[in-house]
Amino acid sequence: MKLTTALLAGLLASGALHAADEAPIVLEQFFQKPSTTGASISPDGRHIALRKMSPEGRSMLMVLNVATRERKVVANFRNADVNHFYWLNDVRLAYTLGNVDYQGGIGKPGLYAVDRDGKGVTGLSYTINPPRSFTDSGDYASSAYLDQSSIHGFPPRKADEMFVIVVNDDQHTLARMNTRNGDFTDIRAPAGTYRWLTDPDSNVRVVVARRNGKDVVMIKPDDTWRELASFDPLAPDAFRPVLYLDGTLYVRAYRDKNEAAIYRYDLRKNAIDGTPVILVPGYDADGYFVLDDKKMLGYRINTDSETTVWFDADMKALQKEVDALLPGTLNTLSVGGHSETGYVVVDAHRDVQDHAYFLYQRGGKKLQSLGASRPELDPARMAPMLVERYAARDGLQVPLFVTLPARQDKQPAPTVVLIGDAAWQRSAYWEWNAEVQFLASRGYVVLQPQPRGTEGFGRAHVVAGAKQWGRAMQDDIADAVQWSVRQGYTDAARVCVVGGGYGGYAAMMALARDPALFKCGVSWSGITDLEAMFRRNWDGSADERTLPRLRAAIGDPKLDAAQLREASPLHNAARIQQPVLLAYGKDDGRVPFSDGRKFYTALAAGNPRVQWLEYTPDVEDAKTQKNRIDLWRNIEAFLGKQIGRAAPGP
């Protein structure tokens, strides 16, 4: 890729990849809780909401006045973390709380609202703490706040309210919620609505409802709802409404192309226009529109990493100014919806640097630091990442993220194949990653293939993965290693495969299917039995929209029972003879502890080289990350023993 190659060349030219004579960075520095994890500008551009780590080790929310530089903590609890947050209007914010210790002061996890001065706190909706995984990082995606204001079109800014789905006796109703008193106002949307778009005047104009297994798209250009389309959400002709502006509907669809693109929808013909508005070769246009109060400013896209295409000339010029001040990083700009001041929030990051946040004053060409996620880690000591595509054995082009340790001998190195937690979600971006950088700091090449079935790289890539768990998806993982060997990156005699969730599943199946290629494997909270996945209580996560997707991706538990059994690590335990490290948590939210223990018993019966770790997640994990740190300390020792630690340098 031009972007990553150019940045890599810059790092090499500057001598940033030396670090050969320095002691390895201690493990805790990679996995401890980050200090600043988000910044969002108010609609009027006069205040910045910041999510930071509190002295008690919790994520708190504070507000900065850009004129006076005064900072006011508006949400800080000794027994809870602020997760997501966003501005409702110039004065009021909404935020969610999680990781709640019930013996503390706040009481309940859920959705809250507060004024920028810390007053007017209102509890809006309370939830139950989801079961913790012992490997939870505790640091929510640093850029997750960026899409909150535009995910359902233009946000309602004129009152202290927000749109919500009210669930009552299995009835789902779209309503306006007053964030001062929690009262609801039914807006009389079609039954079954689960997604909606508002116009700049905060009127709901487009909805997607679920009816009899189909998605029904309806529009209300005046006072009457009318149906636009009805389709199976997994069908090739399915589409998703993404914006309604000035009487024009924009949708994301494939429309006989491999990559999903953004199109205008002709409301008179009830059909998608033939020419895409936004098309990204090699990637689905799965981003979102960047909006002010009345118009679209640009579109934020995920390619190798997150980037923004600006339509607005002023924003283009502003991006150019910031990029000149922060060369070498990807700089995401956020502006107020009706900005009355000349300030912009900048989120800067790259493969060797975690997110750092700045306040930029237009015209003044000045940057003020708002904080960084991991200021103690020197980017010069991190490892660069390459973005490649390799040909699988059947010719399919598979995306691959390759992180190379800083070494002087240029010899093939021991390699760790790191597989993501969810099979259908891409697990890598051109950005800093704690697990990747830790492994690279210990001298390992890190491969992150995105096997068939992974979304974001075009429809053909997803379709090729249908019912290929344990089959062609495993071939893609093995082919990534063979590609890396041919490039001279990987020592073929020292390769280990690791992962959690689906990644743990894939690691174990890799050992069973390709014993000559993979010398060892690590699985934490790994899926062991595909049939058992359908017998689980998914606690509402596998609703009527999700279960069909699960069956399409993995197989039907009745019709494909034999295939599911054949592709399950539990029923392949006798084939796994390499060294294995298994780690499972009690009361884990990913895979039942009993599943892990059952797999360990089956594996250990014929393999004396199986190591077992068990953890009990608790609220302390959110602060200290003790379980996650202990897991990676054991992984470090295991890898060192099995494939040989190759420390950077001479």
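**A disulfide, two sheets and the helices packed on them**

Cys 496 and Cys 520 form a disulfide, with their sulfur atoms 2.3 Å apart. The pair joins distant parts of the chain, since Cys 496 belongs to strand β31 (residues 490-500) and Cys 520 to strand β32 (residues 520-524), 24 residues apart. The structure is a predicted model, and a search of the whole of it finds 1 disulfide. Are the two cysteines buried or exposed? Cys 496 has a relative accessible area of 0% and is buried, and Cys 520, at 0% relative accessibility, counts as buried as well.

The two strands that carry these cysteines lead to the sheet around them. This open sheet is formed by 8 strands in the order β27-β28-β30-β29-β31-β32-β33-β34, and its pairing is mixed. At its edges stand β27 and β34 (610-615), each of which pairs on one side only. Neighbouring strands of the sheet are turned against each other by 20° on average, direction ignored. Within the sheet, β29 and β30 pair in the parallel sense over 3 bridges, and Thr 415 has Val 445, in β30, as its bridge partner. Helix α4 (residues 434-441) packs on this sheet, where it touches β28, β29, β30 and β32, and its direction makes about 150° with that of β30. Helix α7 also packs on the sheet, touching β29, β31, β32 and β33 (580-585), with a direction at about 140° to that of β31.

A further helix, α6 (residues 472-487), has 16 residues and reaches 22 Å from its first C-alpha to its last, close to the 22 Å expected at 1.5 Å a residue. Because 12 of the 16 residues of α6 are buried, the helix is largely enclosed by the rest of the structure. Among the buried residues of α6 are Gln 474, Asp 475, Asp 476 and Asp 479, as well as Ile 477, Val 481 and Trp 483. What do the buried residues of α6 pack against? Their partners are the strands β27 (385-391), β28 (397-403), β29 (413-419), β30 (445-449) and β31, together with helix α7. Just after α6, Gly 488 takes a positive phi of about 85°.

The nonpolar interior can be followed from here. The largest nonpolar core has 55 residues, of which Trp 469, Phe 518 and Leu 582 touch the most other members. Helix α7 (residues 502-513) gives the most to this core, with 9 residues. Leaving aside neighbours within four places in sequence, Trp 469 is in contact with residues that include Tyr 502 and Tyr 505, along with Ala 423, Trp 424, Ile 527, Leu 530, Met 533 and Ile 554. A second, separate core of 33 residues includes Ile 25, Leu 377, Leu 418 and Tyr 615.

Elsewhere in the chain, an open sheet of 4 strands has the order β1-β2-β3-β4, with antiparallel pairing. Its edges are β1 (36-41) and β4 (71-75), each with a single partner strand, so that one side of each is left without a neighbour in the sheet. On average, neighbouring strands here are turned by 25° against each other, direction ignored. Strand β1 is joined to strand β2 (residues 47-53) by 5 bridges, the two running antiparallel, and the bridge partner of Thr 36 is Lys 52, in β2.

Another antiparallel pair is made by strand β21 (residues 296-302) and β22, which are joined over 5 bridges. These two strands form a hairpin with 3 residues between them, and Ile 301 stands opposite Thr 307 in β22. Which side chains of strand β22 (residues 306-310) point to the buried face? Side chains alternate along this strand, with Glu 306, Thr 308 and Trp 310 pointing to one face and buried, while Thr 307 and Val 309 point to the other and are not.

A last position to visit is Val 344, found in strand β24 (residues 343-350). Val 344 is buried, with a relative accessible area of 0%. Not counting residues up to four places away in sequence, Val 344 touches Ile 41, Leu 318, Leu 333, Ser 334, Val 335, Phe 358, Leu 359, Tyr 360 and Arg 362. Measuring from C-alpha to C-alpha, Val 344 and Tyr 489 are 41 Å apart in space, and they are 145 residues apart in sequence.

Definitions and conventions. Residues are numbered from 1 along each chain as its sequence is written. This is a predicted model: local features need pLDDT of at least 70, side-chain atom pairs count only at pLDDT 80 or more; totals for chains, interfaces and linings use all residues. Side-chain values use heavy atoms; hydrogens and water are left out. A disulfide is a pair of cysteine sulfur atoms within 2.5 Å. Buried means under 20% relative accessible area, exposed over 50%, partly exposed in between (1.4 Å probe, protein chains only). Contact means heavy atoms within 4.5 Å. A nonpolar core is a set of buried Ala, Val, Leu, Ile, Met, Phe, Trp, Tyr and Cys residues joined through side-chain atoms within 4.5 Å. Two strands pair if DSSP finds at least two bridges between them. Axes are lines fitted to C-alpha atoms, for helices over the stretch in contact, and angles run from 0 to 180 degrees between N-to-C directions. The expected span of a helix is 1.5 Å times one less than its number of residues.
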